[in-house]
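Me: I would like to learn how to read a ligand site and a few local features from a set of coordinates. Could you take me through them one at a time?

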Amino acid sequence: MKTYKIAVMGGDGTGPEVTVEAVKVLKAAEAKFGFKADLTDFDFGGERYKRTGEILPDSAIEEFRKFDAILLGAIGHPDVKPGILEKGILLKARFALDQYINLRPVRLFPGVETPLKGKGPKEIDYVVVRENSGDLYTGTGGFSMKGTLHEVAVQSAVYTRFQVDRCLKYAFEYTRKYGKKARGVGKENTLGLVGKTNVLTYIYDLWERAFHEMGQKEYPDIRRDYYHVDATCMWMVKSPEWFDVLVTGNMFGDIITDLGAITQGGMGIAAGGNINPEGVSMFEPIGGSAPKYTGMGVINPLAAICAAQMMLETLGEEKAAKKIEDAVKFVTANKMKSMAAGKMGYSTSEVGDLVATEVAK
Ligand code: IPM
Ligand code: MN
């Protein structure tokens with residue numbers, strides 16, 4: 001039997017509560033699909049930081065390297081200055097483990113409300129491949145004359161050809177495998193590059209050249225589109241059905257995927273994967289730690305469950321992943337009243353039970 005070593009990091013606020021439900025569903029899938037998830041808990045997060053001053057030590061990163069994947073709840077604590085835990089845990093893990101892809105599906109499940117008028121699951125069905133290792137996130141910068149009237153702040157966006165190429169390769173391969181034609185819901189598999197070639201004439205010039213070179217040479221079967229990022233925001237609202245797979249840099253990807261998340265029903269349902277195709281990947285619900293709902297049993301666990309679903313898909317347990325996706329769709333379509341915390345018509349653990357029961361069927 002195939003065994004996967006999974007590191008579970010519930011983290012802060014409602015993170016641990018939703019992670020428990022994701023694990024519940026994982027266990028249901030394990031029994032049914034004949035693999036084993038060997039889970040190890042890690043308590044990194046705000047509480048541990050407050051208690052010990054430790055954020056995410058290098059030894060933990062070394063430990064993580066021995067796992068097949070990491071399942072993360074949420075990071076962020078009301079008593080800890082914003083940025084410390086996000087940088088020290090989330091970004092540290094992403095960079096140290098070289099999780100250079102941030103995969104963020106924007107899919108509206110049946111029965112889920114979207115703020116986009118007249119759009120349904122057929123229209124809101126695309127994926128953003130966000131580069132996760134470069135851009136403004138790793139660019140150098142600093143202040144000079146800080147605190148004076150002449151203060152200067154600089155923060156540079158940085159991309160290497162290597163970073164761009166490996167991200168594009170992942171995006172093209174992903175499109176070939178999971179594009180709209182491959183999934184039987186469209187005529188073509190399309191990869192759209194989201195950039196800003198009219199202003200960021202170095203960074204996105206590099207992206208655009210690399211995109212067409214690779215596409216022409218190695219992926220002639222995949223249609224290539226280009227969109228400026230500002231226009232992309234308009235089309236994400238007006239005509240999301242145009243999109244299939246989008247690929248973009250780290251900063252634009254961060255911004256447009258929050259817009260995408262709200263169109264798919266909000267933070268209760270949106271999941272993401274920080275993927276190192278050759279290494280250890282980390283999967284997370286992309287909503288925050290929601291401190292005000294902590295311990296009340298009202299938070300929506302579906303995003304965490306979808307994170308576990310993506311984890312199984314990435315690990316190669318495609319059948320189990322498909323089953324979980326179908327189970328989530330069944331529950332959103334037939335059971336839950338809303339995706340919002342406290343308005344689901346069920347408690348956090350009841351939602352987990354509903355999905356687990358469907359998976360076990
Ligand atoms: C995300 C978050 C992070 C990011 C923050 C918390 C560092 O917004 O995962 O999108 O900017 O990548
Ligand atoms: Mn973000």
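Reply: Let us begin with proximity: a residue is near a molecule if one of its heavy atoms lies within 4 Å of it. This is a predicted model, in which local features need pLDDT of at least 70 and side-chain atom pairs count only at pLDDT 80 or more, while totals for chains, interfaces and linings use all residues. Residues are numbered from 1 along each chain as its sequence is written, chains are lettered from A and ligands numbered from 1 in the order in which they are written, and side-chain values use heavy atoms, with hydrogens and water left out.

Me: Which residues surround ligand 1?

Reply: The shell consists of Glu86, Leu90, Leu91, Arg94, Arg104, Arg130, Tyr137 and Asp254. With Ala, Val, Leu, Ile, Met, Phe, Trp, Tyr, Cys and Pro counted as nonpolar, Asp, Glu, Lys and Arg as charged, and the others, Gly among them, as polar, the shell divides into three nonpolar, no polar and five charged residues.

Me: Which helix gives the largest share of the shell around ligand 1?

Reply: Helices (H or I, at least four residues) and strands (E, at least two) are DSSP runs, numbered from the N terminus, and helix H4 (residues 84-96) supplies the largest share, four residues. By domain, with bounds from an automatic or database assignment, at least three residues come from each of domain 1 (1-105 + 274-361) and domain 2 (114-264).

Me: What distances separate polar side-chain atoms from oxygen atoms of ligand 1?

Reply: A polar contact with a ligand is a pair of N or O atoms within 3.5 Å. Here an oxygen atom of ligand 1 lies 2.6 Å from a side-chain N or O atom of Tyr137, and polar side-chain atoms of Arg104 and Asp254 come to 2.8 Å and 2.9 Å from a ligand oxygen, respectively. Taken alone, ligand 1 exposes 320 Å², of which the protein buries 73%, with areas from the Shrake-Rupley method and a 1.4 Å probe.

Me: How many disulfides are there?

Reply: A disulfide is a pair of cysteine sulfur atoms within 2.5 Å, and by this rule the count is zero. Cys233 is in no disulfide, its nearest cysteine sulfur, that of Cys167, being 18 Å away.

Me: Is Cys306 buried or exposed?

Reply: Buried means under 20% relative accessible area, exposed over 50%, and partly exposed in between (1.4 Å probe, protein chains only). Cys306, at 10%, therefore counts as buried, whereas Cys233, at 28%, is partly exposed.

Conventions. Polar contact = N/O pair within 3.5 Å; in protein donor to acceptor, adjacent residues only side chain to side chain.
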